[in-house]
Amino acid sequence: MTTPVAVPPAPTRPTAPAFALLGTVQIMLISGITVVAVALPAIQDELRLSGGDLALVSTAYGLAFSGLLLLGGRLADLYGRRRVLMLGLGLFGVSSAAAALAPGLALLLTARFAQGVGAALAAPSAMALLGVLFPDPHRRARATAVWGGLAGIGATGGMLLSGVFAEWASWRWAFGVPLIATALAIVAAPRLLPADRPVPRARIDILGAVLVTAGLSTLSYGLVESSYGPLIGGAVLLLAFMIVESRTAAPLVPPAFFAAPRRAVALAAIVLGSAGMATSFFFLSLHLQQVRGLSPLLTSAAFLPYGAVLIGTGSVAGRLLARFGVRIVLTTGLITAAAGLFLVGRFDGALIAGLLVLPFGIALTFAGATVAAVTDVPDEQAGLAGGVVNTAMEIGPTLGLAVLVSLAAAQAGDATSGYGFALAIAAVAFILMAPIAALLLRTPR
């Protein structure tokens, strides 16, 4: 018996519209993390939520998204990348509608969690389809480099939309717009994306899926809540997952997948890049509204230069990689991002420069690291690779916020000085990562 999987022959249809569709999906899914960021006060007022309730609304999407990405990637490899993509988009759209209409906390939390589940199915499937659209390794590398910058564009776009809705409309439009975009993507996918091809049925590592999902979700919750119980529980579950994966015949994530040093350092760079981006957004949003007294709309507008640089850098990242190679692009990105974090963390006249330098470095970091992470991955593991890369992008903000917000709060003096100290620590981490990346990316594997 066979079941469909997305490993079709080289497609003859135009690839540009299909790549545009997949890129839009990726931007939309990542923007789901930040699209309520600036609108949180409005949500709190309308639904009469406590601070703890608001934190759950903010993190429910990310907890489900990060916890289920590896399973989503494996399902895409086994049951069809286009099929799983459309299933994820359908769930994302329905839950977006539920969130837009939610009368209270219970439905809003449920909808946000369901959005994350849908995103965990769709995101790795979309990334895996790049290999189908671009069978030539050089074209695939260029497309993957552009793909690496889409996460930053999505996060920035979510911030911008959040401020627009909070200022001029209702926070509920933060979920209405994704619903419309999802419906259009579902209609276009069968026309633009290649069909799935039958392959022999394979077994799903159910125990591994349960352990890694529970482990990542519990660990992320512990980081968000700064609670030792969930942190220890999550670590134990992930340790059990690694033991199970080393002994099962058909592991969810083969241990050898992480054996290549270049892949390990690439994933670490993705975690670091997403952590630096998320925490800079968080601190800057608070500083602009609480210290400088800007409105939600003006706060969102402050990120326009950031988004413009991300888009511009992403559009040329493939050519930079082709000319200079992954090693130079990634290390340059890490060092440049560190400089941007230092400038942003000063919260003075250098802020504008920081908002231009930081996204340039972040975009190069994501582009180089994403290409390094998926290079030489077998086609039958493309969905898994997409899940791993997206998991790294999701873990970064949770880890970064947990660590750096705690460091900022521990500093004496005003809030701004604490924010600056935390961003300086993040910059040091980027600088320390650069020589490690340069060393481990010397070899082809």
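I'll start with one residue, E46, which is partly exposed, at a relative accessible area of 43%. This is a predicted model, so every value I quote is computed from it.

What does E46 pair with? Its side chain meets that of R172 in a salt bridge, 2.9 Å from N to O. The two residues come from distant parts of the chain, 126 residues apart. E46 is in helix α2, residues 40-47. R172 is in the loop between α7, which covers 150-168, and α8, which covers 173-192.

How many salt bridges does a search of the whole structure find? The number is four, and the E46 to R172 contact is a salt bridge of 2.9 Å.

Next, R81 and D379. They form a salt bridge with the closest N and O atoms 3.9 Å apart. For anyone checking the cut-off, a salt bridge here needs the nitrogen within 4 Å of the carboxyl oxygen, so 3.9 Å counts. This pair also links distant parts of the chain, with the two positions 298 residues apart. R81 belongs to helix α4, residues 81-101, while D379 lies in the loop between α14 (351-374) and α15 (382-410).

Is R81 buried or exposed? R81 is buried, at 0% relative accessibility. D379 has 29% relative accessibility and counts as partly exposed. The cut-off for buried is under 20%, so R81 falls in that class and D379 does not. There is also a third residue to mention, because D77 is linked with R81 and D379 in a network of salt bridges.

Now R346 and D348. Their side chains meet in a salt bridge at 3.2 Å, N to O. R346 is exposed, with a relative accessible area of 53%. D348 is partly exposed, at 30%. Exposed means over 50%, so R346 passes that cut-off and D348 does not.

Last item, the nonpolar surface. Which residues make the nonpolar patch? They are L161, W173, V177, I180 and L184, and the patch comes to about 470 Å². Helix α8 gives the most to it, with four residues. L161 is found in helix α7 and is partly exposed, with a relative accessible area of 34%. Patch residues need over 30% relative accessible area, so L161 meets that condition at 34%.

One link back to the opening pair: α7 and α8 are the helices on either side of the loop that holds R172. L161 of the patch is in α7, and α8 supplies four of the patch residues.

Technical notes:
Residues are numbered from 1 along each chain as its sequence is written. This is a predicted model: local features need pLDDT of at least 70, side-chain atom pairs count only at pLDDT 80 or more; totals for chains, interfaces and linings use all residues. Side-chain values use heavy atoms; hydrogens and water are left out. Buried means under 20% relative accessible area, exposed over 50%, partly exposed in between (1.4 Å probe, protein chains only). Patches are made of residues with over 30% relative accessible area and no salt bridge: like charges are joined within 9 Å, nonpolar side chains (Val, Leu, Ile, Met, Phe, Trp, Tyr) within 5 Å. Accessible areas come from the Shrake-Rupley method with a 1.4 Å probe; for residues, only the protein chains shown count as cover.
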